Amino acid sequence: MNGSALFSRLLVRLLPLLPKRLVRLAADRYIAGETLDDALSMVRTLGLEGIAATLDILGEDVAAPAAAEAAATAYSLALERIAANELDCNVSVKPSQLGLKIDRELCCRNFRAIVSRARELGNFVRIDMEDHTLTSPTIALYRELRRDFDNVGLVLQAYMRRSIADVDALAPLVPNFRLCKGIYDEPRALAYKMPAVINDNFTWLLQKMFDGGSYVGIATHDEALVWSALREIERRKLTPDRYEFQMLLGVDPELRSIIVGAGHRLRVYVPFGAHWHAYSLRRLRENPRMASYVARDVTGRFVQRLRARPELQQHGQ
Ligand SMILES: Cc1cc2nc3c(=O)[nH]c(=O)nc-3n(C[C@H](O)[C@H](O)[C@H](O)COP(=O)(O)OP(=O)(O)OC[C@H]3O[C@@H](n4cnc5c(N)ncnc54)[C@H](O)[C@@H]3O)c2cc1C
């Protein structure tokens with residue numbers, strides 16, 4: 001393990017001990033706030049830059065059916081506020097937040113309620129993909145929803161060895177996909193570990209999705225992947241009704257502007273909610289790499305503040 005990986009792991013272990021205020025400082029730019037109003041205000045700001053959004057109400061792994069139902073109600077309310085404010089924004093939902101780990105039927109019922117409300121309002125629901133224990137149940141859920149709804153999409157992860165076979169198996173449904181690398185720490189037997197292989201697989205999956213006629217949300221901040229996607233788009237002369245780029249709130253706004261400036265559609269993933277603390281810790285624990293992004297970010301901001309205050313530099317503080 002190199003020095004930076006070791007530092008990330010150490011940071012992850014220390015995080016739960018840190019005061020909430022400090023974790024919030026690290027997480028702040030990645031989270032729109034605690035309330036739906038905070039999130040809608042962020043969506044409006046993004047809209048002014050010509051950027052679409054997808055709302056994620058933070059929360060996952062719920063253990064009680066009532067909590068899963070409450071999450072479904074919160075999503076329906078969010079869809080209503082999006083419609084009332086005429087925002088260019090859909091929603092992204094984690095199956096474990098709607099009860100997939102408790103009861104498959106309960107989860108499916110909750111999803112039906114959201115997707116059906118979204119259809120009435122002319123909107124769309126993306127089913128996020130979680131760790132490998134939920135891959136098959138999530139795909140089964142998607143298949144079931146597609147029997148009655150078209151306004152629902154799925155995520156596939158380029159690090160999963162099975163994803164190529166999943167694209168083939170799902171081809172008859174011509175799904176609306178989001179393609180991402182994958183954020184969970186998966187066993188090597190199931191997931192590619194080498195960054196170069198994950199990137200090659202990302203491009204291969206993207207090609208297959210386009211071959212099958214799918215609409216693809218290309219979710220990455222990796223410029224090499226953005227470039228290979230742009231090459232595919234150009235080579236195939238794809239129009240904006242076939243793809244969009246997607247990025248996480250707070251990550252590489254410069255790349256975001258470059259993509260939008262070049263005339264491509266871009267959607268930002270906007271997480272918000274009361275569970276921001278648990279979410280941030282879990283995300284950081286699951287992916288120590290993320291801890292190093294955060295550490296770099298906090299250090300960078302600290303240095304920036306120092307540079308902006310020359311009197312501090314002079315006194316060596
Ligand atoms: C819109 C969207 C939706 C997603 N949905 C899912 C999902 O449903 N399931 C799932 O498993 N994963 C999801 N992810 C996460 C994804 O799988 C990756 O883990 C994440 O996007 C980082 O991979 P990357 O392609 O950006 O490449 P990386 O090589 O990891 O990152 C490229 C560069 O982007 C920057 N960067 C990336 N992530 C961060 C970050 N969090 N903070 C700060 N800087 C960062 C770094 O500078 C890095 O060098 C989603 C990602 C996006 C953008």
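This passage describes the surroundings of the ligand and the nonpolar cores of a predicted model.

The ligand is a good place to start. In this model, 23 residues surround the ligand, and those that come nearest are Met129, Lys181, Gly182, Thr220 and His221. Sorted by class, this shell is made up of 13 nonpolar, five polar and five charged residues.

Several polar contacts involve oxygen atoms of the ligand. For Gly182, which is among the nearest residues, a backbone N or O atom lies 2.5 Å from a ligand oxygen. Thr220, also among the nearest, takes part through its side chain, where an N or O atom is 2.7 Å from an oxygen atom of the ligand. Gln157 likewise offers a polar side-chain atom, placed 2.9 Å from a ligand oxygen. On its own the ligand has 920 Å² of accessible area, and the protein covers 86% of it. Two or more shell residues come from each of the strands β4 (152–157), β5 (177–180) and β7 (243–248), and from the helix α12 (288–308).

Attention now turns to the protein interior. In soluble globular proteins, nonpolar side chains tend to be buried together. Here, the largest nonpolar core holds 76 residues, within which Leu55, Phe111, Ile218 and Phe245 have the most contacts. Phe111 gives a handy view of the packing: beyond its neighbours within four places in sequence, this residue is in contact with Val93, Pro95, Leu98, Val125, Ile127, Leu141 and Leu145. Separate from this core is a second one of eight residues, including Leu15, Val23, Tyr30 and Trp276.

Key:
Residues numbered from 1 in each chain as written. Predicted model: local features only at pLDDT ≥ 70, side-chain atom pairs only at ≥ 80, totals over all residues. Heavy atoms only, no water. Near = heavy atom within 4 Å. Polar contact = N/O pair within 3.5 Å; in protein donor to acceptor, adjacent residues only side chain to side chain. Areas by Shrake-Rupley, 256 points an atom, 1.4 Å probe, with all protein chains shown as cover. Helix = DSSP H or I, 4+ residues; strand = E, 2+ residues; numbered from the N terminus. Nonpolar A, V, L, I, M, F, W, Y, C, P; charged D, E, K, R; others polar. Core = buried A, V, L, I, M, F, W, Y, C linked by side-chain atoms within 4.5 Å. Buried < 20%, exposed > 50% of the residue type's maximum accessible area, 1.4 Å probe, protein only. Contact = heavy atoms within 4.5 Å.
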